[in-house]
Amino acid sequence: MEKVGLCFQKGLPFCIYRKPKEEQITAVFQADDRLHPVVDFTESGFVFAPFRLEDGAVLLKPDQIYLCKHTSSVHAKAEEVLVTEAGKQAHLDLVQKGIQEIAVGRLGKVVLSRKLEKETEKPITEIFDKLLQSYPNAFCYLFFHPKVGTWCGATPETLVQIQNKTMRTMSLAATLPFVQGETPNWGQKELEEQQMVSDYIKERLTPSMETLDVAAAKSVRAGNLWHLRSEIKGVLSQESSVKEIISLLHPTPAVCGIPTQAARTFILENEGYQRTYYTGFLGELNLNAKAEVSLFVNLRCMELQGSTASIFVGGGITQASDPEREWIETQNKSRTMLNIL
Ligand SMILES: C=C(O[C@H]1C=CC=C(C(=O)O)[C@@H]1O)C(=O)O
């Protein structure tokens with residue numbers, strides 16, 4: 001953490017992260033502030049990619065890699081944070097527009113999001129420490145590059161993991177608040193929303209796979225929320241590349257919609273702000289000796305600029321969506337980062 005603080009002060013890039021349910025923390029440090037582009041995903045390093053992949057994914061080329069276990073100095077307790085109603089009408093209007101687009105048949109599903117801001121004086125190392133304490137099931141990270149920015153998050157979604165020819169991904173969708181001692185009671189809207197994502201991923205990946213297996217959906221906890229998740233596993237066909245698999249999966253229908261291109265266009269034309277790295281992806285690219293690819297979707301995240309934290313939240317809109325409930329869902333999702341601040 002001392003080195004992280006020092007590199008941040010000196011303007012030297014790094015990413016420190018912990019994979020879901022693991023104890024080990026990895027910190028990669030780049031010794032200069034060069035901005036390395038990702039060209040074809042055969043590179044080795046830590047990748048940080050935006051929602052609009054054509055804007056360019058960045059690669060940290062590690063000069064030093066530290067591995068350690070987390071010993072915390074703070075104890076995260078579940079606090080009831082206040083969420084403001086700012087931006088409500090704009091989000092309700094956006095969701096309504098999305099529902100109309102689905103009703104006329106131009107879209108099957110669209111994920112619509114917004115950004116909210118919160119002032120904080122907390123040092124980044126303390127923020128990351130609390131993130132680790134609070135979200136053991138998530139991919140927790142703190143990323144810094146002086147030419148890109150400072151981002152951190154605790155995401156529940158794997159984009160893809162590839163080792164040799166074995167591939168794993170997931171279909172993640174639907175949200176309910178986590179209530180201690182209660183199991184989630186999924187409605188038709190949520191079950192259909194998640195099934196659509198599973199079907200779509202299966203259809204996209206099948207031509208590039210030798211085998212592909214989509215497991216039944218299960219409830220998984222992500223901080224103060226529940227989601228529905230199906231594990232997807234398979235073997236890549238001989239000619240499939242990492243680049244091809246990434247381009248088939250990103251942006252997943254959990255962050256964009258169905259069909260992908262129409263949903264993406266709707267998002268870019270109507271959300272009214274730039275997602276930049278929110279709903280992009282990040283992680284290890286051929287980094288360790290096993291040459292694994294281990295990428296996560298950038299959700300439940302925020303960008304830190306001076307004393308301002310910009311928190312990004314969205315939700316999947318289907319024909320059965322109710323704008324008021326979708327607003328509350330984004331409010332609940334914002335607590336993942338607000339709790340940390
Ligand atoms: C787009 C987000 O969540 C996605 C992942 C899980 C469940 C989602 C949902 O229920 O809508 C979203 O698809 C976000 O957290 O900003």
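How many nonpolar, polar and charged residues does the shell around the ligand have?

## Around the ligand

Let's take that one straight away: the shell has 8 nonpolar, 6 polar and 3 charged residues. Keep in mind that what you're looking at is a predicted model.

In total, 17 residues surround the ligand. If you want to find the closest ones, look for Thr 175, Ala 254, Gly 314, Gly 315 and Gly 316. Strands do their share here too: strand 7 (109-119), strand 11 (166-177) and strand 19 (308-317) each give the shell at least two residues.

## The chain as a whole

Now zoom out. The protein chain is built with 7 helices and 19 strands. Its radius of gyration comes to 19 Å, and the globule rule gives 20 Å for 341 residues, so the chain is as compact as a globular protein of that length.

How big a box do the C-alpha atoms fill? Taken along the principal axes, that box is roughly 55 × 50 × 40 Å.

## Two helices that cross

Next, pick out helix 2 (residues 88-103) and helix 7 (residues 323-338). Their axes come within 9 Å of each other and cross at roughly 125°. Because angles from 65 to 115 degrees count as roughly perpendicular and those over 145 as roughly antiparallel, this crossing makes helix 2 oblique to helix 7. The crossing of the two is right-handed.

Which residues make the contact? From helix 2 come Lys 88, His 91, Leu 92, Val 95 and Gln 96, while helix 7 brings Pro 323, Glu 326, Trp 327 and Thr 330. Sorted by class, the residues of this contact are 4 nonpolar, 3 polar and 2 charged.

## Backbone oddities

Most peptide bonds are trans, and most residues other than glycine have a negative phi. With that in mind, here are some spots in the backbone to check out.

The peptide bond from His 250 to Pro 251 is cis, with omega near -5°. You'll find Pro 251 in the loop between helix 5 (242-249) and strand 15 (257-258). Another cis peptide bond links Ile 258 to Pro 259, with an omega of about -10°. Pro 259 sits in the loop that runs between strand 15 and helix 6 (260-270).

And where does Lys 21 lie? Lys 21 is in the loop between strand 1 (14-18) and strand 2 (24-29). Its phi is near 60°, which is a positive value in a residue other than glycine.

Definitions and conventions
Residues numbered from 1 in each chain as written. Predicted model: local features only at pLDDT ≥ 70, side-chain atom pairs only at ≥ 80, totals over all residues. Near = placed C-beta within 6 Å. Helix = DSSP H or I, 4+ residues; strand = E, 2+ residues; numbered from the N terminus. Nonpolar A, V, L, I, M, F, W, Y, C, P; charged D, E, K, R; others polar. Axes fitted to C-alpha atoms, helices over the stretch in contact; angles between N-to-C directions. Parallel < 35°, antiparallel > 145°, perpendicular 65-115°, else oblique. Left-handed = near helix turned anticlockwise from the far one by under 90°. Contact = placed C-beta atoms within 7 Å. Rg over C-alpha atoms; globule rule 2.2 N^0.38 Å.
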